[in-house]
Amino acid sequence: MASDLPLYNSRIFNTYIKLINKRYPYISISDLLSYAKMELYQVEDEGHWFTQEQSDLFYEKLLKLTGNANIAREAGRYAASPESIGVMRQYILSQVDPATAYEMLGKATLNFTRSSIYEPKRLGPNKVEIFVTPKEGVEEKPYQCENRLGYIDAISLGFRHRLPRIEHPECLFKDGKVCRYVVSWEYSQAALWKKIRNYTALGIVLASITLFPVLSTPALALFLAISVFALLLTNLYIARLHTGELNAAIEHLRDSTEKLVDQIDTNYNNMLFVNEIGQILSRQMDIDGVLTKVIQRFEKRLDYDRGMIMLISGDKKMLTFRTGFGYSEDILQVLRKTSFHVRPDSKGVFIIAVREKKPFLINDVDEIWDELSPRSLDFARRIKSKSFICCPIVHEDEALGLIAVDNLKTKRPLVQSDISLLMGIAQEIGISLHNASLMESKLGQFQSILQTLAASIDARDPLTAGHSERVTEYAVGICNEMGMSKEYCEMIRVASLLHDYGKIGIRDSILKKNGMLDPEERREIETHAEKTKKILEQISFEGYYQQVPEIAGSHHERYDGSGYPLGLKGEEIPLGARIIAVADCFEAVTSKRHYRDPMPMEKALGILNDQRGLHFDTNVVDAFLRFLDRKRVKTGP
């Protein structure tokens, strides 16, 4: 089949890749090439050829990623631009006549394909006709014709002072037998006057020969002097025209080069920022952390007055505001109360951006007024938006939300490069949100398992039901009062939930005994701390959770060294264990047990105060008392 034949040289796709890196840096080249069954090393190898199937897949994916219906023609224009072929080569081309340039550059590039035959034909000094005929058995696609048109467009950039007219009277994809392109241009004034000069000089020579026998020597000398003077004036005029044309071409090249340098500088700075965002987000493990860091960098580093991030709900039905910057408090109230239904028939720009997974730049909201739903119109009025950009946050072809920015105070116009920057950032956000969502899901499962394990111990005796949860509440409260990090509080939460898990190895007759334990029974129940540690060490705790077994297994150590199982003293006892010890003691003495009634609050607090520096760390006791005071203020006596 034709699709299995190697038809297209890698240079064609290498040009596409350069264009994508320049104007669409948010697009993943690896994903694009993978979809097209290509490898990057193949694209970079000038001797490699690709099939029609690969070319079609490449274009299909690129069209979807860019949302640009003119991407093929845009790539064609880029192929012959100074930034693609080089400024010097473009300058050299500008020194030849346009017909030669179309033959030289056009034939060289269009022959990077084996799918068609390229035949240029001069129709005159300022007109050329180009025929492109597919080879037998090869079925080209419309986008390839568009690519050729863009390429023919681009060659004209070297002749800015004599822009061509391009016609496409016959097309393979509009019932034509070939693709025929007719290119014409205004003839160069300098070239025209050169021809006039040359013909005039020839006429003078012929006239001199003819008049030599007729005119006297003085008359002939005067004729020749006037003729030479006229030729000199003509040469001066031609030189002036030629200089003007060269200056126009050079000015165009200079302008193109300056724009290229500016674009490179903008792209470089944008990529640095996208990389910075990526590095920051890679350290965030939860969705709120991702959003907070992104919006902080937006406000500090980017040239926008306002910006927001909206996310799609878990059921994919609602788009809601999550965070933003630059908005007044009254507008923030509007944003927090506004959500959009994600429906197939929605006309709101935000929903369309999410649904179609493509960005939008709206220069004037008034221009799309009649295209918006009444609710979207009301929303735009209430937040006082005039022009804005919204970019979808996408991960693996799934829309997760969007970024929207605008300028009200600075009035700086929003441009295409803003979209490129935001889409690059949106890609990093998408990856981070996906990872954070997976982490939160795994953490939720982990916490559910921990709750079940803790409940399984408490469930052995109705009197101790809820003990682990209450100890956990107190321990985390102490951590917060002591200013511990979020990660440390989470680790203590886990250790508190599992601090008594070793009791699974203690006989019910001891755990549920009505009355005081005898010495042997006391020794057996004291083994639950060591058993807790050994059981939890079998769990593959990672990161800050690695301290859980040691802390949970040390919660019966006492500050004066009289505790168990190791008799640790003072700072030898892990801080987390000292925190759980206070929480565990208070919960135990204020709850009913088989052998006693719950102790009054005042008496329980008296025990904690009496045991400062003996059983308990004084700082931990103080923190617990502050926690209880705050809790009483919130809930009442």
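**Two pockets in a predicted model**

Let's start with the lining. The largest pocket is lined by 38 residues. Nearest its centre lie Arg 522, His 556, Asp 584, Ala 588 and Tyr 595. Keep in mind that this is a predicted model.

Which elements give two or more residues to that lining? There are α16, residues 416–458, and α19, residues 508–511. Then come α20, at 519–536, and α22, at 575–589. The top contributor is α22, which gives five residues to the lining of the largest pocket.

Now the volume. The largest pocket holds about 1,100 Å³ of space. As for residue class, its lining has 14 nonpolar residues, 13 charged and eleven polar.

On to the second largest pocket. Its volume is about 780 Å³. Here 21 residues form the lining. Closest to the centre of this second pocket are two methionines, Met 285 and Met 439, along with Leu 443, Tyr 544 and Tyr 545.

Again, the elements. Two or more lining residues of the second largest pocket come from α16 and from α18, which spans 486–497. Which of the elements gives the most here? That is α16, with seven residues. And α16 is also on the list for the largest pocket, among the elements giving two or more residues there.

Last, the classes for the second largest pocket. Its lining divides into nine nonpolar, eight charged and four polar residues.

To recap: about 1,100 Å³ for the largest pocket, about 780 Å³ for the second largest. In the lining of the largest, α22 gives the most; in that of the second largest, α16 does.

Methods
Residues numbered from 1 in each chain as written. Predicted model: local features only at pLDDT ≥ 70, side-chain atom pairs only at ≥ 80, totals over all residues. Heavy atoms only, no water. 1 Å grid on protein atoms, 1.4 Å probe; cavity = no way out; pocket = protein on both sides within 12 Å on 5 of 7 lines; lining within 4 Å. Points joined across faces, edges and corners; volume = space filled by probe spheres on them. Helix = DSSP H or I, 4+ residues; strand = E, 2+ residues; numbered from the N terminus. Nonpolar A, V, L, I, M, F, W, Y, C, P; charged D, E, K, R; others polar.
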